[in-house]
Amino acid sequence: MKYLYLLASLLLFIRCTTNIEADLIVYNARVYTVDSAFSIQEAFAVKNGIFIDIGSSKHILERYKAKQIIDAEQKPVYPGFYDAHAHSFMLADYFQQVDLVGCQSVQELVSRLQEYQKKYPDKKWIVGGGWDQNLWPEKKYPHRDTLDKYFPDVPIFINRIDYHAALVNSEALRIAQIDSAQMVEGGLIATDSSQRITGILVDNAMALVSKYIPAGSEDNILHKLRQAQDSLLSVGLTSIVDAGLDTEQLELLRKFYETDSLQIRNYAMMFAEPHNINKYINEGIYESEKLTIKAIKLMADGALGSRGACLLENYSDDSSRGFLLHSREEFQNALEQLAKSPFQVAIHAIGDSSNRMLLDIYGSLDVRNKRWRIEHAQIVSPEDFIKFKTFRVLPSIQPTHATSDMNWLYDRIGPERAKGAYAYRKLLDAYGKVMIGTDFPIEHFNPLYSFHAAVTRQDSKGLPKGGFQMDNALSREEALRGMTIWSAYGCFQEKKRGSIEKGKDADFVILDDDIMSAPNDKLRTIKTLKTIIAGNIVYSKN
């Protein structure tokens with residue numbers, strides 16, 4: 001016994017005087033762990049891509065030694081930001097297309113197209129996006145005649161800011177063999193007073209032309225995705241939800257991740273049509289360290305800005321109510337099949353009518369434990385908010401949509417219905433959590449813009465003073481949870497990601513100022529110093 005006691009004492013002495021090997025130590029920081037208590041720590045150690053200890057700087061430095069040590073110099077550290085709704089392939093394309101964001105008139109739109117053609121004269125198609133007729137003096141859709149005047153020979157396809165409408169010229173229509181208006185389920189080919197096609201295609205009608213745009217080589221697609229990834233890492237994003245990809249895109253992602261060609265974590269959703277749901281269910285779930293495919297994305301309606309959102313009553317500035325992209329019966333049948341599958345469901349719904357339909361179908365299927373989602377939930381009728389709680393439907397929101405749309409929202413749906421629009425506080429109170437995303441490239445990919453919009457309800461200029469419908473603002477803690485642990489929860493990953501806790505993936509970000517205390521007007525200008533995924537520095541400002 002005496003020898004066993006001495007041996008135990010010796011082992012204890014060695015353990016107390018020998019530092020434990022780690023790969024990375026971060027100390028002298030203000031660490032927002034975003035754990036259940038929202039505790040704040042000073043330091044942590046990482047080994048094999050996992051947080052192995054969190055505590056005071058003294059504790060971590062005395063207990064561990066590491067190949068790499070970062071003195072954070074009292075800078076704030078947060079869990080890696082998680083964008084709950086995004087479009088990586090669209091962003092990748094956006095960087096190589098003509099940028100029409102912020103155009104103040106049709107004339108400016110044409111000028112940007114001309115500049116782009118001069119820069120890239122060999123382009124077989126001119127493709128771009130970002131125009132918004134609501135910013136123009138006349139607030140009217142452009143006409144293909146304007147494009148034909150300057151671009152008679154090269155096909156043009158330019159997306160509206162919401163990517164739910166596009167303008168094309170006559171050459172693009174000729175290639176698509178569209179010479180007269182035709183019925184499109186869940187879409188619209190617009191005509192003018194003379195019944196001529198205007199070149200405006202809404203929702204499902206867009207695919208009639210877009211399918212003819214060349215996709216590019218595999219190497220080119222990877223190059224564009226890496227370019228997009230670099231931008232995402234530079235703003236602290238470590239995980240994204242790719243909200244709807246086709247089979248070819250998903251296969252490319254599998255290949256790229258299996259060869260370690262991409263770094264950012266991706267929860268990719270299969271984009272599905274409800275009438276052919278078995279095809280997608282049969283694809284099966286795929287999970288790897290950085291890529292997960294276990295959700296199916298459907299589209300219920302279009303966008304508010306292009307009047308494609310499906311409303312219970314007419315638009316205040318139009319005689320229509322928008323439309324569903326598929327019938328209620330098709331959604332009912334598809335969701336009944338999905339309820340029996342292992343897939344999560346996420347459905348785009350903007351209007352109060354489409355939101356009510358989905359909430360009621362979800363409720364009839366009793367999917368309370370499946371974390372089924374509604375993406376956007378932009379306009380909800382007052383009596384329907386409680387259904388998010390009763391049926392356990394997870395709201396996936398994008399706060400910058402509120403500050404982008406607020407200037408024309410009352411014109412579009414009137415002040416009374418607007419009380420249920422972008423109602424993030426009501427959604428949070430109903431479910432207890434909200435997932436926060438940017439919806440890039442429809443909005444900017446910087447998650448701090450979403451954070452700023454969520455807590456101040458103001459745009460980049462600090463307008464309106466006092467904020468837009470502030471009764472639906474979120475607190476800073478709620479907004480941070482929404483872009484970290486609650487987004488991870490919405491992807492069944494809260495035990496692996498979303499907070500800085502022992503045993504979780506070491507994904508975190510160091511900023512140059514503290515979003516929890518910085519003045520409101522400084523939030524959008526805070527920069528990322530380092531972005532780390534699985535303990536590896538993937539972006540550094542220095």
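A residue counts as buried when its relative accessible area is under 20%. That cut-off is used throughout this report on a predicted model.

**Two buried residues in contact**

Start with threonine 238. Its relative accessibility is 1%, so threonine 238 counts as buried. Threonine 238 sits in strand 15, which covers residues 237-245. Which residues touch threonine 238, leaving aside its neighbours within four places in sequence? They are Gly80, Phe81, Ile264, Arg265, Asp507, Phe508, Thr531, Ile532 and Ile533.

One of these contacts, Asp507, deserves its own look. Aspartate 507 belongs to the loop between helix 18 (485-489) and strand 23 (508-511). Its relative accessible area is 5%, so aspartate 507 is buried as well. Beyond its neighbours within four places in sequence, aspartate 507 is in contact with Phe51, Pro79, Gly80, Thr238, Arg265, Arg497, Ile532, Ile533 and Ala534. Now consider valine 77. Aspartate 507 and valine 77 are 430 residues apart along the chain, yet 11 Å separates their C-alpha atoms.

**The largest cavity**

How many cavities of 30 Å³ or more does a search of the whole structure find? The search finds four. The largest cavity has a volume of about 90 Å³. Its lining consists of Ser88, Leu225, Ala228, Gln229, Leu232, Ile240, Leu253, Tyr257, Leu262, Ile264 and Asn266. Two elements give two or more residues each to this lining: helix 8 (218-233) and helix 9 (247-258). Helix 8 provides the largest share, with four residues. By class, the lining of the largest cavity has eight nonpolar residues, three polar ones and no charged ones. Ile264 appears in this lining, and Ile264 is also among the contacts of threonine 238.

**The second largest pocket**

Next comes a pocket. The second largest pocket holds about 420 Å³ of space. It is lined by 21 residues, and the closest to its centre are Tyr141, Leu188, Ser306, Arg307 and Asp318. Strand 13 (187-191) and strand 14 (197-203) are the elements that give two or more residues to this lining. Strand 13 gives the largest share, four residues. The lining of the second largest pocket divides into seven nonpolar, eight polar and six charged residues.

**Two helices side by side**

Helix 11 (residues 328-339) packs with helix 12 (residues 352-365) at an angle of about 35°. Their axes are 10 Å apart. The crossing of helix 11 and helix 12 is right-handed. Helix 11 brings Arg328, Phe331, Gln332, Leu335, Glu336 and Ala339 to the contact. Helix 12 brings Met357, Leu358, Asp360, Ile361, Tyr362, Ser364 and Leu365. By class, this contact has eight nonpolar, two polar and three charged residues.

**A covered helix**

Is helix 15 mostly covered or mostly uncovered? Helix 15 (residues 424-431) is mostly covered, with six of its eight residues buried. The buried ones are Tyr424, Arg425, Leu427, Leu428, Ala430 and Tyr431. Their cover includes helix 13 (385-390), strand 21 (394-397), helix 14 (399-418), helix 17 (476-482) and helix 18. Just after helix 15 comes glycine 432, with a positive phi of about 100°.

**Backbone angles to look for**

The table lists some backbone angles.

| Residue or bond | Feature | Angle |
|---|---|---|
| Phenylalanine 38 | positive phi | near 55° |
| Alanine 377 | positive phi | about 45° |
| Phenylalanine 440 to proline 441 | cis peptide bond | omega near 5° |
| Leucine 463 to proline 464 | cis peptide bond | omega about -5° |

Where do these residues lie? Phenylalanine 38 is in the loop between strand 2 (30-32) and strand 3 (40-41). Its relative accessible area is 14%, so phenylalanine 38 is buried. Alanine 377 lies in the loop between strand 20 (373-376) and helix 13. At a relative accessible area of 1%, alanine 377 is buried too. Neither phenylalanine 38 nor alanine 377 is a glycine.

The prolines of the two cis bonds also lie in loops. Proline 441 is in the loop between strand 22 (435-436) and helix 16 (447-456). Proline 464 is in the loop between helix 16 and helix 17.

Terms used. Residues numbered from 1 in each chain as written. Predicted model: local features only at pLDDT ≥ 70, side-chain atom pairs only at ≥ 80, totals over all residues. Heavy atoms only, no water. Axes fitted to C-alpha atoms, helices over the stretch in contact; angles between N-to-C directions. Left-handed = near helix turned anticlockwise from the far one by under 90°. Contact = heavy atoms within 4.5 Å. Nonpolar A, V, L, I, M, F, W, Y, C, P; charged D, E, K, R; others polar. 1 Å grid on protein atoms, 1.4 Å probe; cavity = no way out; pocket = protein on both sides within 12 Å on 5 of 7 lines; lining within 4 Å. Points joined across faces, edges and corners; volume = space filled by probe spheres on them. Buried < 20%, exposed > 50% of the residue type's maximum accessible area, 1.4 Å probe, protein only.
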